[in-house]
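Student: I'd like a close look at one part of this model. Could you set the scene and then walk me through it?

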Amino acid sequence: MLLLRCPNCGIEAEETELTPGGEAHLKREGPGSDEVSFESYLFTRQNPRGVHFERWRHAQGCGKWFHAARDTVTMEVLGTYSAQVTEPPAEIRAEIERRRG
Amino acid sequence: MSRRLPRGGRLIDRDTPVTFTFNGRELGGHAGDTLASALLAADQVLLGRSFKYHRPRGLVASGSEEPNALLGIGQGAASEPNQRATTTPLQPGMTAVSQNHWPSLEWDVGRVNDAARHFFPAGFYYKTFIHPRPFWKHVFEPVIRRAAGLGTAPTGPDPDSYEHFHAFCDVLVVGGGVAGLQAALTAGRTGSRVLLIEQRGHWGGRAPVDGVNIDGADAADWVNATVQALEGMENVTIRTGVMAAGVYDHGYVIASEESLPEGGPRHRLWKIRAGHIVTATGAIERPLAFAGNDIPGVMLASAARDYLADYGVAVGDRVVVVTNNDDAYRTALALTEAGIEVPAIVDLRESGAGALGEAARAAGLTIFQGTGVHAVKGNARVAKIQLCRQDGDGAVTAELPCDAVAMSGGWSPVVHLWSHCGGKLTWDDAQAMFRPDAGRPPLGADGRAMVTVAGAANGELSTAAVLADATRAGAGAAGGEPGTAPGADDPAEAPIAPVWLSPANAPYALRSKAWLDYQNDVKVTDVELAAREGYESVEHTKRYTTLGMATDQGKLSNINGLATLSRALEKPIPEVGTTTFRPPYTPISFGAIAGEARGETFQPLRRTPIHGWHEANGADWEPVGHWRRPYCFPKAGESKHDAVAREINATRNGVGLLDASTLGKILVKGPDAGRFMDMLYTNLMSSLKPGKCRYGLMCSENGFLIDDGVVARLDDDTFLVHTTTGGADRIHAHMEEWLQTEWWDWQVYTVNITEAFAQVAVVGPKARAVLETLGGMDVSADTLPFMTFADGELAGIPARVFRISFSGELSYEVAVPASRGREFWDAALAAGAAHGITPYGTEALHVMRAEKGFIMIGDETDGTVIPQDLGLDWAISKKKDDYIGKRAQARSHMTDPTRWKLVGLETLDGSVLEDGALAVADGRNANGQGNTQGRVTSTYRSPTLGRGIAMGLVLNGPDRMGEVLDFTTLAGGTVKAKIVSPVFYDPEGEKQNV
């Protein structure tokens, strides 16, 4: 059962407090988008073996969404960060670089 | 015979006798006994029957690895099947019964399976019961089900309680042998919060039994001193009787505690979050594969030693020891010292043992080196052992009468907890064992190892090495300095011989009587057959032969089984690999898993402020989410069906009262609230004027309808959103997701205020008269027209009154502060008494909305329905550039003209269609099933119309008005129904707008 630090309230949250939200940093495709882009936005996901950027909501806690960088094989958490960004911030990328080389 | 010796037994209290029964026979034991030791002391060697061949089975082990001695304990609803006698503490008055036999343990008809076992090879079921096909369901399965299974589950409700217990620590040490104690001591000295748990009822593990010395003292003394030291440390908690069942991600551990005092919970499930885990879980001795190794009286050498040292029980009068390593010599020496005859030590190794061998010779024991076992003979009990050359093909060289055989095939570290979360193993050729590979540990959230293994579990088999390893592990786990490890004197041991079969070239006749898995009856020849038939993967062989799939999960059989597979495949053991270790380590009870979550505490119950009135007035409850809502209010002698009809008629002709407090209420506020509402709803909400209400639809980004309800605009930047009862939390979460993760720059707040208000619908032609009697607000049609709301006071209670209708009648929904909900309800009842005001429940609500053709989320929608399917195009804005779901609704499948669409349905005979009935079409589909062209989504008997009415989704439905379709019935027939408008009652809407 995972432990993720909620960057909004600072709590080291148990997985049972959290709701998963799937892959992070999807770009919304609205009316006017072509079929392929829209299908990709709705359904196509990375599902990597390794570091995954993903969305979580501290549903049974502060209620806020956040992002996590987590290794899907080892369960290692390389950082959690704000939901209000469109890509992983520099410090998260640096941490991944530091640990993964 | 097996018997209690006059002296010895470090765990029993000879002054406290305990009586119990086994299969109805009264027996005696002592406090401190396990059920197994007490049965053995009473010479009860035969304890059960194996699963497949019903062969007689006795004790093999003394701990949780025991595969055979599974008994039913207790009586009635509190009884528990399949309890291991070896880990069940003896209790006064305990009743135990053996399992898997008929008519009796001693005389079992299932034994014919054994005589015919050559006809029941590995994969027998898969091969035999496949033809003819219909036989499986009607002949084979019923017979197999009756014959299968071990114990009998109780049928009554469980009378006991169970609890969950949460614990947190920096270092969790699992296992209270010398390794665990030393690791906990070392970790405790750093000041870390340490929790040490041991599955058995006592500390020290095998060390006191094996008679080792630690720092010059008896192991037992060292154990006592260490336990005392740990008890004196404030930062350390130590508990016996707690079994760690599984290790999960990020240091989460589940443990089970089953031996609890009377009066409290029966079992306790521990949920432990540990910073680091040290597993000091020891090792389990392996059986040896030789013919007749399953006859009662053949057991592990360590178990024979345990019964002697711990309980003062001799497993027999003449005990032959068979071994491929030095450790079993300890058993021979201990038995001899206790005055029990050991006719011989049969050592499979040509070169024999080290220092312990010399001690055995000094004690006058006979040792046969390079000698194997041709067969153990006996009927339901060992009678003799026949010896042969180990490197030969089994020609008998000697025969020894005996009544027990103590065997040792070496030791396997208990690596389960290490492996649960991905810790990898490495094959240790010298010790013939899989041991943890410290370089490939399971990782924690921080990317570092979260489990360290200590002692025998780590493959360290000498006491000195165990203590050094545990010191290192405890310090590492706590991040401290190890200090000096205690010393121990270990006799010099000769290496183990990796022998997996005796004799080495045993012919088929012997191999087919050499058991690997005792409980599931898997023999050496079964694994060989699986290999021949192409089951080369150990995981496939396991499932094909059922090796390791019994309740002991292969604790004794796995390594011997894969070594046998390795030999059959002519591949080295590490290439064959192990099967996956999965929790729990030993079975834990369903009661413990459920914990407190049963009956009233299964889940929270949400009550409206008016719940108490409903309860006092005979509400027939319907669960809706976590709420209970009245389905109807039957009067004495009235059926539910009649009550619903009465409630509807009273409402349509006079006035009804509905507790609508459960409806979701979410406040959406801020400068960008209008913009946000336009994205949430398919229709335009930003144009709604303050004081007005509008019905709206919400879709997912997939385009599917997820909720509906009435929106009221409170002021320029505030909307009050009403959701369905079940949708309140979900829709609030939906709003927050979009606001926090997509439009985070929009200035909008949302808050779920569902429980802040009681909401009461006053419904029917006399509704206005009731509100006027309550007094305090102008509720006239001019001041408060349809689809508006006003704030004010009714009967002195602050109220927000909405002119909205879900029934088609003149209707007011009155929201008052939750604390005054009951007061308002009572006032409305009093004010309406003159008009015969009638409280109604959810079924009347449903029927009345269906009579009006109003959709219900969850009936007309199922996650695949878009608003356009329901004829709700009028509620979809054409002006807006975007809303959640708009793009999806433009996809080709969504605009397909052949989508099923909403219509009303009327049976020709007035009957009520069945819920979910399908409209049949001509022909058959690719699977041979009849084609369909629609389905019923809502169906009721309408008291207003005096007939059945229904709504459904039908292919091109709206274009086929008047057409008659056939609908299925569960009985297999069909019933004819005509396609009509879904609005059955007051199609012009005159009644609600007065």
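Tutor: Let's start with contacts: two residues touch if their C-beta atoms, placed from the backbone, lie within 7 Å. This is a predicted model, where local features need pLDDT of at least 70 and side-chain atom pairs 80 or more, while totals for chains, interfaces and linings use all residues. Residues count from 1 along each chain as written, with chains lettered from A and ligands numbered from 1 in written order.

In chain A, 47% of the contacts with a separation of 6 or more link residues that sit 24 or more positions apart. The chain has two helices and six strands (DSSP runs, H or I for at least four residues and E for at least two, numbered from the N terminus). Read from the N terminus, its elements go β-β-β-α-β-β-β-α. Along the principal axes, the C-alpha atoms of chain A fill a box of roughly 40 × 35 × 25 Å. Of its 101 residues, 28% are buried (20 or more other C-beta atoms within 10 Å of their own; 12 or fewer is exposed, in between partly exposed, all placed from the backbone). Where chain A touches chain B, 21 residues of A and 19 residues of B take part.

Now for the close look: helix α23 of chain B, residues 767-774. Six of its eight residues are buried, so the rest of the structure largely encloses this helix. The six are B:Ala767, B:Arg768, B:Ala769, B:Val770, B:Leu771 and B:Leu774. What do the buried residues of α23(B) pack against? Their partners are three strands of chain B, β41 (757-763), β42 (789-794) and β44 (811-817), along with helix α24 (821-832) of that chain. Right after α23(B) comes B:Gly775, and its phi is positive, near 75°.

For a contrast, hop along chain B to B:Arg849, which belongs to helix α25, residues 842-851. B:Arg849 has 19 C-beta neighbours inside 10 Å, so this residue counts as partly exposed. If you skip the neighbours within four places in sequence, B:Arg849 is in contact with B:Phe806, B:Ser807, B:Phe854 and B:Met856. There's a nice bit of folding-back here too: B:Arg849 and B:Gly808 are 41 residues apart in sequence, yet their C-alpha atoms are 7.3 Å apart in space.

So, back to your close-up: α23(B) has six buried residues out of eight, whereas B:Arg849 over in α25(B) is partly exposed.
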